[in-house]
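Please work through the exercises below with the sequence and the structure side by side. Try each task before reading its solution.

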Amino acid sequence: MSIIGALLIVIKPYALTMLVGIIGAVGIGSAVGILAVSAIVALRYDRPGAAWFTGYTALVGGGLGLVSVGVLTGFVPVADFTGLVGQWLALVWILPAALWAVFALRYTGRFVPLTLKTSVLVAFPFLVLTIQFILSGVSGVPAQVLGLAGIAVRYYALTLGIAGMVLVVRATRRYDHTAVWQGVALAGAPAAMWLCWNSMPYVAQLGPTAGGTAYALGSLGAVCGLGLAVFRFDAFELAPTVGAVGERDIVDETDDLVLIADEEHRVVRANESMRIASDGVSPSAGTVTVEDMLGTDVDGLRAVETVTLGVEGVSAKYDAQVSTVVDRRDRVLGTVVSLREVTERELRKERLAVLNRVLRHNLRNQLDVLNAHLDALDDDHADAAIETTSHIARMSDRARTIDQLLSESREPVPVDVVELLRDTVATYDSPVAVEANDSPTITADRAALEAAIESAVDNAVTHATDVTVTLRSTRDGCELQVIDDGPGIPESELSALETGTETPLRHGTGLGLWQLTWAARTLGGEVSFDTSDGTTVTISVPDAPQVGE
């Protein structure tokens, strides 16, 4: 035998002893770190899943610590880091696997009550392994049966572990307030243990240190993953629980009537409000369609503005919103129907319609009769009365214009602003100067733009003698300015426009400026007033996209 060969024989036992010491120390250090994470989470956080996480990490850390102490003291013979070491490490990740799965369910917002059934599922690996240990000392029990029991437990734990990893990663990826890396770090801990420790019998064939390396990597991967998730990525500060619970409960907690139907319009879920409104009809009773619950099908809901339903003996109107549910490949999966009660809104619209009709027809007719009688009189009082009735008539016309602006839906069309401006100015007896350096054509609601120009010009010619309208193109559309030398708009009227309300102490004298303001809003533009020297009304009108663009 050569001198080098003799030296290797002598040195090899010392090298193996040193390796065992290093691996044992790494395992003990990792176990201490995992237990520290467990203790900190238990003390700091009272969040969904925190208790189960604490139990899981306590078992993993305690088990890894015991095995590592056994390796370091020689109680667990290592040889090439296979055999008995692998069996003990399998227990470390198998026994708490169910705790990990329950933690993942709670952490991602899926509440799991601690019932007898849940307890049995959690304790299943421990119970089977205990029975296996007891029967292993009983003669006559086939070794194949014990082996199959061990394989079943291993795959049971593996299934729970993978399911928990998928849930955690998907949940943290789904919501904006969480980072996918916190889910990856959490899932990385059990993944590192399973991959590294279960590969030990195979990698040990590569050399005497390969198995020990797998042992150390599994231990370090577990503590690093858990530590990063809790301390670096704030896994329990920014948990996905609220997102998952909110998505699930929003249907039940909202006051709206909500149902979900499949592509055949069969109801798959309806909240309690919907079941009450449909006289207790529930999908749980069997196949129920949208028409069964609401008296009309999905196409009918899309076609009508409101639906009338009787809820607990009281008739109410609901605004129906129908949304199509599609998957990532744009395949139609079904529909979501949401009904919001609008009884008061519809009553208010009805009252306004009646009042508007009275103003537009009855009041105007009565004023015409009154004016005819006043024309027969020939004195100053009659002239003043005629002027007053004419003013009331103009207010009625403005009310009609405003009603049309706010209630009718019109598509934007190309508008030659200079032409519209000149046509509007030409209707006044007073001279109005028009200054336009270019002739912009914009896409806008023509009726709203005409109403805005008419309101601004009418206010100017009523209170001033020198009125100028300027027009210029802007990057987003055009800007009109109506400039006059009048006394300016009273502060009370500007204040009413700014607050959006009129009160007995702060109100306007008519509807002209309200028409201007609402017309500008209909256009998506803005209006401003400068009363420092006369009055300058500036109207900014954006160029709206045409239909189909």
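**Exercise 1.** Find the helix that holds Ile131, and decide whether Ile131 is buried, partly exposed or exposed.

*Solution.* Start with the secondary structure of this model, which is a predicted one: Ile131 is found in helix H5, which covers residues 116-135. Next, take the relative accessibility of Ile131, which is 47%. Partly exposed is the class between 20% and 50%, and therefore Ile131, at 47%, counts as partly exposed. Finally, look at the surroundings on the surface, where Ile131 forms a nonpolar patch with Ile134 and Leu135. Together these residues have about 260 Å² of accessible area.

**Exercise 2.** Describe the protein as a whole by its secondary structure, its buried residues, its contacts and its exposed surface.

*Solution.* First, count the elements: the protein has 19 helices and 12 strands. Second, consider burial, for which the figure is 40% of the 549 residues. Third, turn to the contacts with a separation of 6 or more, of which 62% are accounted for by residues 24 or more positions apart. Last, the protein exposes about 30,500 Å², and 59% of this area is supplied by carbon and sulfur atoms.

**Exercise 3.** Which residues form the positive surface patch, and which gather in the patch of negative charge? Place one residue of each patch in the chain, and state how accessible that residue is.

*Solution.* Begin with the positive patch, which is formed by Arg110, Arg170, Arg173 and Arg328. Of these, take Arg173, which is found in helix H6, residues 143-174. Its relative accessibility is 59%, and exposed means over 50%, so Arg173 counts as exposed.

Continue with the negative patch on the surface, where Asp466, Asp485, Asp530 and Asp533 gather. Here take Asp485, which sits in the loop between strand S10 (477-484) and helix H18 (491-499). Because its relative accessible area is 44%, Asp485 is partly exposed.

**Exercise 4.** How many salt bridges are counted in this model? Examine the pairs Asp262 and Arg266, Asp299 and Arg302, and Asp476 and Arg475.

*Solution.* The count comes to five salt bridges, and the pairs named in the task can be taken in turn.

1. The side chains of Asp262 and Arg266 meet with an N to O distance of 2.8 Å. Asp262 has a relative accessible area of 14% and is therefore buried, whereas Arg266, with 37%, is partly exposed.
2. In the pair of Asp299 and Arg302, the N to O distance is 3.7 Å. Both residues lie in helix H13 (residues 298-303), where they are three residues apart, about one turn of the helix. Arg302 counts as partly exposed because its relative accessibility is 43%.
3. For Asp476 and Arg475, the closest N and O atoms are 3.8 Å apart. At 81% relative accessibility, Arg475 counts as exposed.

To check the pairs against the rule, recall that the nitrogen must be within 4 Å of the carboxyl oxygen.

**Exercise 5.** Determine where Ala192 lies, how accessible Ala192 is, and which residues are its contacts beyond four places in sequence.

*Solution.* The first step is to locate Ala192 in helix H7, which spans residues 180-198. The second step is to use its relative accessibility of 15%; since buried means under 20%, Ala192 counts as buried. The third step is to list the contacts, with neighbours within four places in sequence left aside: these are Trp197, Gly218, Gly221 and Ala222. As a last step, compare sequence with space, for Ala192 and Leu220 are 28 residues apart in sequence, while their C-alpha atoms are 8.4 Å apart.

**Exercise 6.** Is Asn459 buried or exposed, and how is Val434 to be classed?

*Solution.* Asn459 lies in helix H17 (residues 446-463), and because its relative accessibility is 17%, Asn459 counts as buried. Apart from neighbours within four places in sequence, Asn459 is in contact with Ile489 and Leu513.

Val434 belongs to strand S7, residues 432-436. Its relative accessible area is 21%, so Val434 is partly exposed. When residues up to four places away are not counted, Val434 touches Leu421, Arg422, Val425 and Val469. A further residue to consider is Val418, 16 residues away along the chain, whose C-alpha atom is separated from that of Val434 by 8.8 Å.

Terms used: Residues numbered from 1 in each chain as written. Predicted model: local features only at pLDDT ≥ 70, side-chain atom pairs only at ≥ 80, totals over all residues. Heavy atoms only, no water. Helix = DSSP H or I, 4+ residues; strand = E, 2+ residues; numbered from the N terminus. Buried < 20%, exposed > 50% of the residue type's maximum accessible area, 1.4 Å probe, protein only. Contact = heavy atoms within 4.5 Å. Patch = residues over 30% accessible without salt bridge, like charges linked within 9 Å, V, L, I, M, F, W, Y side chains within 5 Å. Areas by Shrake-Rupley, 256 points an atom, 1.4 Å probe, with all protein chains shown as cover. Lys, Arg positive; Asp, Glu negative; His and termini not counted. Charge placed at Lys NZ, Arg CZ, Asp CG, Glu CD.
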